Amino acid sequence: MRKRWLSLLISGVLAASVLGPAAPAMAAPTFKVPFPCGQSWSGQTRTNHSPAYAVDFNRTDDLGDPVVASAPGTVDRVADLGGTSYGKYVRIDHGGGYTTYYAHLNGFNVSVGQSIGYGKVIGWVGSTGGSTGPHLHYEQRLNGADIQVRFNGALALYWGTRTYTSDNACSSSTGSGTVNTSGTPLTVRSGPGTGYTAVGTVADGTRVTIHCQTSGSTVTGTYGTSSIWDRIGSGRFIADAYVYTGYDGYIPGVPRC
Ligand SMILES: [Zn+2]
């Protein structure tokens, strides 16, 4: 699930009146390498980079190669700074204060306001702005501040150069998500509903692999109200209303149970 602002507002009011102030941080999006599925790119970080945690990506003959969205979101900036700084760049707003930047592009394939998913081609590798050769300058930011880059939750190499292989929008029969209950462990049920036996719990913040999804009893959770349940193991189901998957409904490519 992804929508959360209304429930956040409601839970915030409830928390303030019942439990005292509580401001749960939104789970970070699951960022993917910003290139098509299966491609390997060399990513460099260095202490004199501006901003410091940005990653510069290269591979052989990369001029004009497609650059893709590293997570679902809304394009909120498509700009050309000419021969300085980022040159042609795109910014994507992923919600929760998270944004990503893609700079020195050769051209654009998206426009401001466009809603996009994993793997969407947003532009092409170039050498525009203050760039001395083709590469992709990539940043992740939280509330405007440069943060250390993570792919699938794993920290990039700081500092140095390593190879990153993309699993962005690979067709896959499993999905993934992050449990977000704002504290309490989430109950695991033997079937897709609150009437099924509790067979365990998963802690807030746990990343789960989702083997299939199905419809069950309706639950109101961190991300709103939903009847979708996620199977995370054999005979183990959790309510999708408490799982950040990047999607408001069923995850594309994940089968029905
Ligand atoms: Zn750079």
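**Exercises: a zinc site and two sheets**

In this predicted model, the zinc ion has three protein donors to find: His49 (NE2), Asp56 (OD) and His137 (ND1), which lie 2.0 to 2.1 Å from the ion.

**Exercise 1.** Work out how the donor residues of the zinc ion are spaced in sequence, and decide whether histidine 49 and aspartate 56 are buried or exposed.

*Solution.* Start with the donors themselves: His49, Asp56 and His137. Walking along the chain, you get the pattern H-x6-D-x80-H. Now for the surroundings. Buried means under 20% relative accessible area, and histidine 49 and aspartate 56 are both buried.

**Exercise 2.** Take the sheet with strand order 3-9-7. Which strands stand at its edges, and why is one side of each left without a neighbour?

*Solution.* First, the layout: this is an open sheet of three strands with antiparallel pairing. Strand 3 (66-68) and strand 7 (105-108) are the edge strands; each has a single partner strand, so one side of each has no neighbour in the sheet. From one strand to the next, the twist averages 35 degrees. Next, zoom in on a pair: strand 7 and strand 9 (residues 121-125) run antiparallel and are joined by three bridges. There you can spot glycine 107 opposite tryptophan 124 of strand 9.

**Exercise 3.** Now try the sheet ordered 18-15-22. How many bridges link strand 15 and strand 18, and which residue stands opposite threonine 178?

*Solution.* Here again you have an open, three-stranded sheet with antiparallel pairing. Its edges are strand 18 (207-210) and strand 22 (243-244), each paired on one side only. Strand 15 (residues 175-179) pairs with strand 18 in the antiparallel sense, over four bridges. Finally, look across from threonine 178: you'll meet arginine 207 in strand 18.

Definitions and conventions: Residues numbered from 1 in each chain as written. Predicted model: local features only at pLDDT ≥ 70, side-chain atom pairs only at ≥ 80, totals over all residues. Heavy atoms only, no water. Donors = N, O, S within 2.8 Å, 3.2 Å for Na, K, Ca; no water. Buried < 20%, exposed > 50% of the residue type's maximum accessible area, 1.4 Å probe, protein only. Pairing = 2+ DSSP bridges. Helix = DSSP H or I, 4+ residues; strand = E, 2+ residues; numbered from the N terminus. Axes fitted to C-alpha atoms, helices over the stretch in contact; angles between N-to-C directions.
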